[in-house]
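I opened a fresh page today to keep a record of what I looked up, entry by entry.

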Amino acid sequence: MAVLTNIGRGIKRSVSGTTGFFRSSYQEFKKVKWPTRKEMVKYTTVVIAAVVILTIFFFLVDMGIAQLIQLVTK
């Protein structure tokens, strides 16, 4: 019987630990300062611009390396 009691305590502790985690997570979410729509549009624009600039940069670097390899292997 002691084994079943220990299993029951373990399950109860596990469930209460899980509910405690979600309860505290919900409390933390309430403390978060979420960005406004205007801020979110600004952040998204910056990210998209950075991705485009980096894509063009790495494309040009890749093309330059390809040209150098062609010159070396000829």
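Entry one. I began with Lys 33, which counts as exposed because its relative accessibility is 66%, above the cut-off of 50%. I kept in mind from the start that this is a predicted model.

Entry two. Which residue forms a salt bridge with Lys 33? I found that Glu 39 does, with the closest N and O atoms 3.8 Å apart, which falls within the 4 Å that the rule allows. I then looked up Glu 39 and noted that its relative accessibility is 25%, so Glu 39 counts as partly exposed.

Entry three. I asked myself how many salt bridges the count comes to, and the count comes to two. Besides the pair I had just written down, I found that the side chains of Glu 28 and Lys 31 meet in a salt bridge, at 3.4 Å from N to O. These two residues, Glu 28 and Lys 31, lie three residues apart in helix H1, which covers residues 2-31, and so they are separated by about one helical turn.

Entry four. I checked the accessibility of this pair as well: Glu 28, at 45%, counts as partly exposed, whereas Lys 31, at 63%, counts as exposed.

Entry five. I ended with the protein chain as a whole, for which I noted two helices and zero strands. Of its 74 residues, 0% count as buried, and I recorded an exposed area of about 7,200 Å², of which carbon and sulfur atoms supply 73%.

Conventions
Residues numbered from 1 in each chain as written. Predicted model: local features only at pLDDT ≥ 70, side-chain atom pairs only at ≥ 80, totals over all residues. Heavy atoms only, no water. Helix = DSSP H or I, 4+ residues; strand = E, 2+ residues; numbered from the N terminus. Buried < 20%, exposed > 50% of the residue type's maximum accessible area, 1.4 Å probe, protein only. Areas by Shrake-Rupley, 256 points an atom, 1.4 Å probe, with all protein chains shown as cover.
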